[in-house]
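User: I would like to learn how to read strand pairing in a model of this kind. Please take me through one case.

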Amino acid sequence: PNHEVVQEASIADIKYSSNSEFKIKEEWVYSHSDIIDGSGTQTGYFYDTHEDGSHTYGAFKGTIKTTTKADGSWEAIWEGTYQFLGGSGKFKNLKGSGKYKGIMSPKEPAGREEGQETVEY
């Protein structure tokens with residue numbers, strides 16, 4: 001009961017990067033979640049296209065937790081880590097990793113995610 005297995009492919013809307021050379025134009029995310037009673041794990045891969053046409057890609061893993069508040073509204077929070085696995089163009093020898101945290105609720109139906117990473121290329 002209350003067990004969900006979800007596979008999803010989505011395009012992320014990247015709005016900000018503090019590194020002017022690492023500007024992502026489009027990010028495809030392929031994820032798999034295994035959730036019981038609103039909480040569980042997520043794993044997947046991402047594939048980024050940068051403004052100059054080069055690519056980076058990697059894998060992530062984390063957790064997700066959905067809670068219901070006293071007023072009946074809900075909130076989903078997810079967080080985890082990711083590892084870059086490679087790239088093309090100027091990112092051909094890319095190495096790096098990071099952490100992410102996101103939130104979704106009726107107040108933020110599109111969701112919001114923030115990450116911090118260290119990259120070398």
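Analyst: Please note that this model is predicted. A good place to begin is a single pair of strands: strand 4 (residues 55–68) and strand 5 (residues 74–87) are joined by 13 bridges in the antiparallel sense. One residue pair fixes the register, as Thr56 has Gly87 in strand 5 as its bridge partner.

User: How many residues lie between the strands in the hairpin of strand 4 and strand 5, and which residue there takes a positive phi?

Analyst: Five residues lie between these strands, and Gly72 takes a positive phi near 95°.

User: Over how many bridges does strand 5 pair with strand 6?

Analyst: Strand 5 pairs with strand 6 (residues 95–105) over eight bridges, again in the antiparallel sense. Within this pairing, Tyr82 stands opposite Gly98 of strand 6.

User: What is the order of the strands in the sheet?

Analyst: A sheet counts two strands as paired if at least two bridges are found between them. Here the sheet is open, with seven strands in the order 1-2-3-4-5-6-7 and antiparallel pairing. Its edges are strand 1 (3–12) and strand 7 (108–120), each of which pairs on one side only. On average, neighbouring strands of the sheet are turned by 15° against each other, with direction ignored.

User: How many bridges join strand 2 to strand 3, and which residue is the bridge partner of Ile24?

Analyst: Strand 2 (residues 24–36) and strand 3 (residues 39–50) run antiparallel and are joined by twelve bridges. The bridge partner of Ile24 is His50, in strand 3.

Methods: Residues are numbered from 1 along each chain as its sequence is written. This is a predicted model: local features need pLDDT of at least 70, side-chain atom pairs count only at pLDDT 80 or more; totals for chains, interfaces and linings use all residues. Side-chain values use heavy atoms; hydrogens and water are left out. Helices (H or I, at least four residues) and strands (E, at least two) are DSSP runs, numbered from the N terminus. Axes are lines fitted to C-alpha atoms, for helices over the stretch in contact, and angles run from 0 to 180 degrees between N-to-C directions.
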